[in-house]
Amino acid sequence: MGELIVAKFELPQDVIALVPMRNVVLFPHVLMPIIVGRAKSVAAVEHVLRSNAPLGIVLQKDAAVDDPGLDALFNMGTVANVVRHLTSGEGLRHAVCQGLERFCIEELVDGYPFLAARIRRIDEPEQVSTEAEALALQLRERAVEILSLLPGVPAELAHALQATRAPAHLADIVASLLDTEVNEKQMLLETVSTEERLRKVLQILSRRIEVLRLSQEIGERTKEQLEDRERKFLLREQLKTIQKELGETEGDDQEITQLEEAIAKAGMPDEIETQARKELQRLRRMPSASSEYSMLHTYLEWMTELPWRLPEGLPIDLNAARQILEADHFGLERVKQRIIEFLAVQKLKPQGRAPILCFVGPPGVGKTSLGQSIARALQRPFVRVSLGGVHDEAEMRGHRRTYIGAMPGNIVQSLRKAEARNCVMMLDEVDKMSASFHGDPSAALLEVLDPEQNSTFRDNYLGVPFDLSRVVFIATANVIDNVAPPVRDRMEIIDLPGYTREEKLQIGLRYLVGRQREANGVSDEQFEITVEALDGIIANYTHEAGVRQFEREIGRVARHAAMRIAVDSQLQVRVDAPDLDAILGPAKFEHEIGLRVSLPGVATGLAWTPVGGDILFIEATRINGGGQLILTGQLGGVMKESAQAALTLVKSRARDLNIPVSAFDGIDVHVHVPAGAIPKDGPSAGVAMFIALASLFTDRPVNHDVAMTGEISLRGLVLPVGGIKEKVLAAQRAGLQVVMLPARNQKDLREVPEAARAALQFAFLETVDDAVQASLGQRAVHRGGSDFKLV
């Protein structure tokens, strides 16, 4: 019934049925088979067969569109006759079409069961220019040339090209034969100018000829290399026979014998030893001059040098372990206690799965040296794997042996270096790894740190499982937030805070001075540095949570003494605090609290940084303007919002603070946080910003020895924040006397060293009224009303 309906349609002269093609471009004067299966396309073919009308072949812009409209079709196509038609059993229509001429689509015509369009036919120019004939001659030569480079091309095709005389016809025929992108063919179809089309086809054809020539040259070179390889193999076999006759093969046989003995002594599991002996048999049959011989020989050396056997465990002495920790580290009492607990569990259950400790803290607080102390207490080898900057998964799992220069990953390399399967392995700087297109190394680290999986850890280079369950893994990081959450979940986090001034002094006296004496070749009698000098270095030449810079400055003083002693060996050098200026130069750091002046609008805040706590100043001033809030100092989004909230809160409590309403009229408020080159963000500056603004508008300076931290809400509540331990230590370093903390952070003071707690006074804030009282000395009583309403 559908065929009868299609047969009745008679299209106007300028309207033809269209068949959109997904990946086929038909050129005029070219015979090409097409396959159609969409209902509209089948109806169009049925229509032209019954009415003996031409068919329009046009390319779709997007092959994925099943029912294309005008916007989904290219504007130019080819008018064609269907010269042959065949129906398959799957509902598809096979048709052979003869291209006639180009056409442009004017508009689509509705009302037909197939796609129909009103078109404008494009005639070929009757006059042929001299340039077109010259281009056609060159194109014909190039086309014959490319046919000679292609295998299996029938000779009739070359004769047909030679017989085509019309330049336009020749350009279309060659364009249809090109092995190029369908969009490029559509571009050639849309090029109406004969000369321009000839030039474009010549350009594409020339490029294809160069590619085919290069491919042919590569094929010939490959064939020559294969023949050369076969010749070398034959020569090697002959050389082997000659060496055997001369008795000169003892060297290779000796190497293989040594490998065989090493495999027997390595203590590998049975299935792995079977694999290693299989590879050894391959090596025995391989010529020593072969490149694969050296690769396989290196692989077997790695297999035999790994610690497959578990060494006999030594008893753990907890008292000795405690002495080692006390001798190596000052302070860190809670950390030492956790390590002793860790060692106690190891002693009671050596076969148990110990937790993986992760020491988190600023640089220079002793994370790596704690791992070394644990190794000494366990009497096991210590090996350190530096993960800073690792961005390739292969650095953890190793490369496959198919790659040139392949090696095992850092884990296996460290085990070989330690020569013990139960070593203490420190994974240093786990927060410095990053993912790249080579893979994510932290994902490979998951298997290493998971006690359920690391007994069958598989390195890509070894290709066999290795048991890591007896390795004591210890990780370190500066910022735990940078560690991938799945990795963080597999570790027990132990925080190492920064040292107080007194702790740094004791560390310098007990460890650093002696280490620098030894490093610079001076004895105790020749070089002495006083306690006052060490305290002066801490206060005026360092500003850090750890002791690395402290040790470097002691080293500078020791080198100065060594220089003087080298001139006069009988000299005894004693360095006191007044001598530091001449040796180390002027003080690098001053007590920042001394830089403050008692001006309204300045408050001292406390901040957390990856290298410990720090203080920062919040400065506020007002100028004539239109009521804007200006924020400077590289503030992040959260900090900007805290400033907005603080200003709104000051306005809402203007009556409570005795601020006249007119104080906010016709002014701009500028809030600046110094150290403008350093980006800053976080919610904990809310209280400091509120106090700075309250001080500005009440014209009352903030107490010079007070620092504060805490987040605020628009209801005037002071909310808890993090990093209390680091912030309190920073306040102590800066010489402050009073620290204002959110009341809900009072429990966090237990983490602060006793010396720091004794040196400071604390004010706990429930609301901003408490903050005003503690910092401005004024009790702001909230009276329930305000001239500013929160809307």
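Colleague: Right, buried means under 20% relative accessible area, exposed means over 50%, and partly exposed is in between (1.4 Å probe, protein chains only). Where does Glu217 fall?

Modeller: Glu217 is partly exposed, at 41% relative accessible area. This is a predicted model: local features need pLDDT of at least 70, side-chain atom pairs count only at pLDDT 80 or more, and totals for chains, interfaces and linings use all residues. Residues are numbered from 1 along each chain as its sequence is written, and side-chain values use heavy atoms, with hydrogens and water left out.

Colleague: Which element holds Glu217?

Modeller: Helix α7, residues 194-246 (helices are DSSP runs of H or I, at least four residues, numbered from the N terminus).

Colleague: OK, switching to pairs. How many salt bridges are there?

Modeller: The count is 39, taking a side-chain nitrogen of Lys or Arg within 4 Å of a carboxyl oxygen of Asp or Glu.

Colleague: Which partner does Arg556 have?

Modeller: Glu553, with the closest N and O atoms 3.3 Å apart. Both sit in helix α20 (residues 548-567), three residues apart, about one turn of the helix.

Colleague: Is Glu553 buried or exposed?

Modeller: Glu553 is buried, because its relative accessibility is 1%. Arg556 is partly exposed at 30%.

Colleague: And what does Arg397 pair with?

Modeller: Glu393, at 3.4 Å between the closest N and O atoms. Arg397 counts as buried because its relative accessibility is 18%, while Glu393 is partly exposed at 28%.

Colleague: What about Arg574?

Modeller: Arg574 bridges to Asp576, closest N and O atoms 3.9 Å apart. Elsewhere, salt bridges with shared partners link Arg102, Glu124, Asp172 and Arg197 into one network.

Notes:
Helices (H or I, at least four residues) and strands (E, at least two) are DSSP runs, numbered from the N terminus.
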